[in-house]
2 protein chains.
Amino acid sequence: MRPREFDHDDVLRIAFDQFWRKGVRGTSLSDIARDAGVQRGSLYNAFGSKEALFLQAYERYAGDYLVALQKALGAGSLRKRLTAFFDLTITNFRSGTPPRGCPTTRGLMELGAAEGEGLDEEARQAFANLVSRITALVQDALSAGAARGEFSGNSAAAALHIITVTRGLAVLERAFGDEAQLRKIAAHTIDLVLDKKGR
Amino acid sequence: MRPREFDHDDVLRIAFDQFWRKGVRGTSLSDIARDAGVQRGSLYNAFGSKEALFLQAYERYAGDYLVALQKALGAGSLRKRLTAFFDLTITNFRSGTPPRGCPTTRGLMELGAAEGEGLDEEARQAFANLVSRITALVQDALSAGAARGEFSGNSAAAALHIITVTRGLAVLERAFGDEAQLRKIAAHTIDLVLDKKGR
DNA sequence: CCACGTTCTTGACGCCGTGTCAAATACTCT
DNA sequence: AGAGTATTTGACACGGCGTCAAGAACGTGG
């Protein structure tokens, strides 16, 4: 067995950085290969295809991101948790220069041609999966808050509403790039969900 | 002057249909040319580039869509208006088989690499423009509703919130494709904005 | 009514991207 | 050391974008 001349994880990180900045279709394997100091063919040998490479790189990101969200949603009052959640969300897709946007949302709209269409189906699943997991996390926080009397309402519906807003923020970020506006919308949403200006 | 052998508007409609179904990067000028019964070179002669063609096709769509929204937001109680607005929004991106999603949102996430990046800047402007106009329409409806005592609150903030939700719905549509769920979120949002279950 | 000029059309080209393949290479294990 | 195996490498086919020069079709002025 001839050993690999590159580090599997390094390539994954380099690749995801490119995908994040330029989109999946906008990133060529040549770009990644150059950046990683690897021959293009080696990437095909190691990962199979561009989409497979993206998928692996995305899963890595998704795992890390979920852990960070879990942490943000796990401490303090419900209001504090939700604030930290929105904060992390916005910070995430305002990161980089220029800001890279939300990879999940970008991926969904770029690749999610439609249910059943091309082979992007697997990618769509991965995106949808992360969204589901985040929704569950938020819902847990809300349920816990309800038990402590910090929230009265349907946790499931409220969680879904919050997730919808975060996805919308990811879109508005691309449209306007005004971070302050995004944070205002986030604060407003928290107020709305937490039964008005209650603190 | 040799006359054109194809109808400018026909091509625009055919092109936008393709862009809508397969995304901008996922649609080739060869596809459009074949569909329209036109040589690829003729498209370059008439429109200049793929992006220019998309832009023209998109502007056409945006104009029509805005008129429809204006109509939906212009009659009945505030609740009825907002319901009609969400209804049209969801129906729009659930149209087609399979559903094509929201062209504006898809375009934004696909092309909006970032402010200042490639020449997609012009496209980003077009998308952002439509979002702004829709926001203004919703805000007008809310202001009018406030004057009639159907709504108490900040019209601007509420309009922005509603727009954010619609963008989020466009994303969730891609992720899950569950139309009933989208409609639930929409209804929930209306309740939230209109100060709880008040009718 | 015919020649001219202007515009549209057509086909070939260069470049880049994806994905495949066979040959060369570098290691491991016996 | 030698055989086997996985990786690397470079060439190839294919398709997409955009450009260009040559050909074709029409209006117009003589």
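The exercises below, each with a worked solution, concern a predicted model.

**Exercise 1.** Determine where A:Arg124 lies in chain A, whether this residue is buried or exposed, and which backbone oxygen its side chain reaches.

*Solution.* Begin with the secondary structure, where A:Arg124 is found in helix α7 of chain A, a helix covering residues 121-147. Turn next to accessibility: the relative accessible area of A:Arg124 is 9%, and because buried means under 20%, A:Arg124 is classed as buried. Finally, follow the side chain of A:Arg124, which reaches the backbone oxygen of B:Ala175 at 3.3 Å.

**Exercise 2.** Describe the protein surface near DNA strand C by its residues, their classes and the helices that supply them.

*Solution.* First, list the residues: there are 20 around DNA strand C, and those that come nearest are A:Arg2, A:Arg40, A:Tyr44, B:Met1 and B:Glu5. On the DNA side, sugar and phosphate make up 72% of the strand C atoms that come within 4 Å of the protein. Next, sort the surface residues by class, which gives 7 nonpolar, 7 polar and 6 charged. Then assign helices: α2 (29-36) and α3 (40-47) of chain A, along with α3 (40-47) of chain B, each contribute at least two residues, and α3(B) provides the largest share, with 3 residues.

**Exercise 3.** Identify which atoms of DNA strand C are approached by A:Tyr44, A:Thr27 and B:Ser42.

*Solution.* Take the phosphate oxygens first: one lies 3.1 Å from a polar side-chain atom of A:Tyr44, and a phosphate oxygen is also 3.4 Å from a polar backbone atom of A:Thr27. For B:Ser42, a polar side-chain atom is instead 3.5 Å from a sugar or linking oxygen of the strand.

Notes
Residues numbered from 1 in each chain as written. Chains lettered and ligands numbered in written order. Predicted model: local features only at pLDDT ≥ 70, side-chain atom pairs only at ≥ 80, totals over all residues. Heavy atoms only, no water. Helix = DSSP H or I, 4+ residues; strand = E, 2+ residues; numbered from the N terminus. Buried < 20%, exposed > 50% of the residue type's maximum accessible area, 1.4 Å probe, protein only. Polar contact = N/O pair within 3.5 Å; in protein donor to acceptor, adjacent residues only side chain to side chain. Near = heavy atom within 4 Å. Nonpolar A, V, L, I, M, F, W, Y, C, P; charged D, E, K, R; others polar.
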